[in-house]
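Hello,

Here is the structure I promised to pass on to you. Please have it open while you read, and my notes follow below.

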Amino acid sequence: MTRTRARWATAGLAVTALTGLSACSAGDAPGTGTPDAAAGPVTIEVWGWNAETGQQIVDAFNEAQDDVTVEYVLQASNVATQTNFQNAMEAGSGVPCLVQGFAPLTTMVVNGWAQDITEQVEGSADLYNEGALAAAQVDGKYYGLPSGSDGQFYIVNQEPFEKYDVEVPTTWDEFVEAGRELGAHGVDITNLAGEDPSSLMNLAQQAGAEWFAIDGDQWVVNFTDDGTLAAADVFQQLIDEDLVSNQTYMDKPALLEYFDSGKMASVTTQWWSLSGYQVGFTDSAGDWAAHPIPQFADAAEPVTPGRTLPSFVPEGCENPDAVMAYTDWLTTPEAVEAGRNEETGAVSFPTQIQDPSPYVEEVIPKDFFADEKAAGEEIVAAQEQVIGKFELGPNYDAWFPELQDQWGKAVAGKITLEEALTAVEEFVASDLESKDISYTVAD
């Protein structure tokens, strides 16, 4: 079914007129991204909600060089950022030069909010890994800043694997089989929360699925391609055979207590979850080991799921070069150190750079892994293999709640995952139709 419409639109957000925007910095040479030598350094405004270290990072950058001055405007949250940004764009004034990503990059593009910064990013591409670069693109052009997608890796509680002589899986077929072997002893292979379909999204991304693609002036929608159905089949077997738990993420203490109990054998995760596990896993601390995430048996090469919401340069900012200079500086050791939390002593793992290995020790919780060195190697390897790119379409705000609802029904055994995905695809098509957005549903 094909619909040919004249325009694209967004995920429930109003398209903003961009004419007449004022410049977002002072002292600029008109129409250029470089400062006027007579006027002094370029000043750019950066919006974000990093209340812990955002300002100290900016202060360190401003002290490190004299060409660009960054003013950090702290936002209350990502939701507040979205509201304030929309208001600024509609008013045509007070528009910043860099905004922390608060929605899928395609939303920024189809709204006309994010400017094409391909020239700037390509000039610095060698600083970033492939996943970070992929995440910053829409339809082959850079509309976002290279952003680290937190690559997933696989952690297992070695105690049940060793106790019941089960091999740690390297493929998803082996994962299901390990679930059967452990399930015979009352141990779940993993947890699938009924309100959180991210596991399905991650596995579909890893399998090469493409729920949304761009073809000329229209979207191509496909929630039932081969990759998605391969991912769904893994989970369908686990659900049908009752090999997983369904602990909610809404009750974190109960969730962590269950993970720590030895009744759940493994979970896919990201580096930033580890500190929570360290606090919550009191009984099983020291029993966990990190491994590569299982792969599909027919994969040409190992790949790791991972997505992010890239920061972007709004239309109306006349200094994308200055933004790129700041973004590039964030890859330096000085910038990483500047981001150290003064209370906890923690640093943010720079997932966007080519080689984050010098920093991985900082994010490994002490006494959690049986082999901390091996765990660090797996975290770095996950970043090297992270996909980064997974289009979420022009109406993500509309369809994601529908996916949550359908996923919950499937996890509860009320419908199959294929039925759930078909329902979501039909919802997407109906929503795009109602919004007069050009699309086609792939066969």
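Which residues in α7 meet which residues in α9? Trp172, Phe175, Val176 and Arg180 of α7 meet Val234, Gln237 and Leu238 of α9, where contact means heavy atoms within 4.5 Å.

Before I go on, some housekeeping. This is a predicted model, in which local features need pLDDT of at least 70 and side-chain atom pairs count only at pLDDT 80 or more, while totals for chains, interfaces and linings use all residues. Residues are numbered from 1 along each chain as its sequence is written, and side-chain values use heavy atoms, with hydrogens and water left out. Helices (H or I, at least four residues) and strands (E, at least two) are DSSP runs, numbered from the N terminus.

**Helix pairs**

Two packed helices are described by the angle between their axes and the distance between the axes. The axes here are lines fitted to C-alpha atoms, for helices over the stretch in contact, and angles run from 0 to 180 degrees between N-to-C directions. Angles under 35 degrees count as roughly parallel, over 145 as roughly antiparallel, 65 to 115 as roughly perpendicular and the rest as oblique.

Back to the pair I asked about: the axes of α7 (residues 172-183) and α9 (residues 226-240) come within 10 Å and cross at roughly 5°, which makes α7 roughly parallel to α9. Their contact has five nonpolar residues, one polar and one charged. For these classes, Ala, Val, Leu, Ile, Met, Phe, Trp, Tyr, Cys and Pro count as nonpolar, Asp, Glu, Lys and Arg as charged, and the others, Gly among them, as polar.

Helix α9 also packs with α16, at an angle of about 135° and with the axes 9 Å apart; the two are therefore oblique to each other. On the α9 side the contact uses Thr228, Leu229, Ala232, Phe235, Gln236 and Ile239, and on the α16 side Leu417, Glu418 and Leu421. Those residues divide into six nonpolar, two polar and one charged.

Helix α16 (residues 417-434) has a further partner in α15 (residues 396-411): their axes come within 9 Å and cross at roughly 160°. That makes α15 roughly antiparallel to α16. The crossing is right-handed (the near helix is turned clockwise from the far one by less than a right angle; anticlockwise would be left-handed). Ala398, Trp399, Glu402, Leu403, Gln406, Trp407 and Ala410 of α15 meet Leu417, Ala420, Ala423, Val424, Phe427, Val428 and Asp431 of α16. By class, this contact has 11 nonpolar, one polar and two charged residues.

**Sheets and a hairpin**

Two strands pair if DSSP finds at least two bridges between them. One open sheet has three strands in the order β3-β2-β4, with parallel pairing. Strands β3 (68-74) and β4 stand at the edges with a single partner strand each, so one side of each is left without a neighbour in the sheet. Strand β2 (residues 42-48) is joined to β4 by two bridges, and Trp47 stands opposite Val99 in β4. Helix α2 lies across β2 and β4, running at about 135° to β2. Helix α12 packs on the sheet as well, touching β2, β3 and β4, and its direction makes about 60° with that of β2.

Another open sheet of three strands runs β12-β7-β13, with antiparallel pairing. Its edge strands are β12 (266-269) and β13 (288-291), each pairing on one side only, and the twist averages 25° from one strand to the next. Four bridges join β7 (residues 153-157) to β13, with His291 in β13 as the bridge partner of Tyr154.

Do look at the hairpin too: β9 (residues 212-215) and β10 (residues 218-221) pair in the antiparallel sense over four bridges. Two residues lie between the strands, and Gly216 in the turn has a positive phi of about 65°. The bridge partner of Ile214 is Trp219 in β10.

**The disulfide**

The structure holds one disulfide (a pair of cysteine sulfur atoms within 2.5 Å). It joins Cys97 to Cys317, with S to S 1.9 Å, and the link is right-handed, with 95° about the S-S bond. Cys97 lies in the loop between α2 (78-91) and β4 (98-99) and Cys317 in the loop between β13 and α12 (320-329), so the pair ties together parts that are 220 residues apart in sequence.

Best wishes
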